[in-house]
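Biologist: Please take one part of this model, its interior, and go through it closely for me. I would like to hear what fills it, how the surrounding elements are arranged, and where charged side chains come into the picture.

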Amino acid sequence: MAALPLKDGLRILEIGCGPGVAAREICRLIGDGFVLAIDRSEKTIRLAQAGSEQEIASGRLEFRQAAIEEFLLSPHDDLFDMAFAMRVGALDGRHPGAGKLALEKIRAALKPRGRLFIDGGDPLQEIMLHDGGPGAGDQGSSSPG
């Protein structure tokens, strides 16, 4: 998380949140921002919710069961400033077909200059999704600067 360019007020989409440890920490680091954390496992989402009651009650953290390649914003959702994923098969090359769908879903969930970071080892990799500058471009990758 130290490699993510976090600041107060950001809207963050965490992909593959597991039991919610990172989501809770990011919630703490972004002040009045918001984190939506998703995972394909219903059991994992239940565990994350059980361990995050205070953050959920504050309205700054929400968990949803969803696979990223099937993810859709809800009608009440605003777009996100940033998305990140750690060890997610659809985004780390293990499942290329799912990866293409996942990138389309992420692009649709992010603001026009929204940024995507994935676990690429050290350093964290930024995946370029949009045209026009930092946090933007084709689907190539680069390290954050």
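Modeller: What follows starts with the overall layout, moves into the nonpolar interior, and ends with the charged pairs.

The model is a predicted one, and its secondary structure comes to four helices and seven strands. Read from the N terminus, the order of these elements is β-α-β-α-α-β-β-α-β-β-β. Of the 145 residues, 46% count as buried. Among contacts between residues at least 6 apart in sequence, 54% join residues at least 24 apart.

The interior is best entered through the largest nonpolar core, which has 24 residues; those with the most contacts inside it are Leu13, Ile15, Ile68, Phe71, Leu91, Ile106 and Leu116. Two or more residues each are given to this core by β1 (11–15), β2 (34–39), β4 (80–85), α4 (96–109) and β5 (110–118). Helix α4 supplies the largest share, five residues. A second core, separate from this one, has 19 residues, and Ile26, Ala37, Phe63 and Met82 are among them. Within the larger core, Ile68 can serve as an example of how its members are surrounded: leaving aside residues up to four places away in sequence, Ile68 touches Ile15, Ile38, Ala90, Ala102, Lys105 and Ile106.

Two of the strands that contribute to the larger core, β4 and β5, pair with each other in the parallel sense over five bridges, and in one of these pairings Ala85 has Ile118 of β5 as its bridge partner. The chain passes from β4 through α4 to β5, and this β-α-β crossover is right-handed. Strand β5 pairs with β6 as well, in the antiparallel sense and over three bridges; here Phe117 has Glu126 of β6 as its bridge partner.

Helix α1 (residues 21–29) shows how a helix is set against this interior. Its buried residues are Ala22, Ala23, Ile26 and Cys27. Seen down the axis of α1, these buried residues fall within an arc of 135°, so they line one face of the helix. One of them, Ile26, has already been named as a member of the second core. The cover over the buried residues of α1 includes β1, β2, α3 (53–57), β3 and β4. On the face of α1 turned away from its buried side lie the exposed residues Val21 and Arg28. Just after α1, Gly31 takes a positive phi of about 55°.

The charged side chains complete the picture. Side chains of opposite charge can pair when their charged atoms come close. In this model the count comes to eight salt bridges, and three of them are worth following in turn.

In one of these, the side chains of Arg64 and Asp77 meet at 2.7 Å, N to O. Arg64 lies in strand β3 (residues 61–65) and Asp77 in the loop between β3 and β4, so that this pair links distant parts of the chain, 13 residues apart. Both partners count as buried, Arg64 with a relative accessible area of 14% and Asp77 at 13%.

Another salt bridge joins Lys111 and Asp81, whose side chains meet at 2.8 Å, N to O. Because Lys111 lies in strand β5 and Asp81 in strand β4, the pair ties together parts that are 30 residues apart in sequence. These are the two strands that pair in the parallel sense. The partners fall into separate classes of exposure: Lys111, at 32% relative accessibility, counts as partly exposed, whereas Asp81 has a relative accessible area of 19% and is buried, since the limit for that class is under 20%.

The last of the three brings together the side chains of Glu126 and Arg115, again at 2.8 Å, N to O. Glu126 is in strand β6 (residues 125–127) and Arg115 in strand β5, and the pair links distant parts of the chain, eleven residues apart. Glu126, which is the bridge partner of Phe117, is buried with a relative accessible area of 3%, while Arg115 is partly exposed at 23%. Finally, salt bridges that share partners join Glu62, Arg64 and Asp77 into one network, and of these residues Arg64 and Asp77 have already been described as buried.

Definitions and conventions:
Residues are numbered from 1 along each chain as its sequence is written. This is a predicted model: local features need pLDDT of at least 70, side-chain atom pairs count only at pLDDT 80 or more; totals for chains, interfaces and linings use all residues. Side-chain values use heavy atoms; hydrogens and water are left out. A nonpolar core is a set of buried Ala, Val, Leu, Ile, Met, Phe, Trp, Tyr and Cys residues joined through side-chain atoms within 4.5 Å. Buried means under 20% relative accessible area, exposed over 50%, partly exposed in between (1.4 Å probe, protein chains only). Contact means heavy atoms within 4.5 Å. A salt bridge is a side-chain nitrogen of Lys or Arg within 4 Å of a carboxyl oxygen of Asp or Glu. Two strands pair if DSSP finds at least two bridges between them. A crossover is right-handed if, with the strands pointing away from the viewer, the path from the first strand over the helix to the second runs clockwise. The arc is that of the directions from the helix axis to the C-beta atoms.
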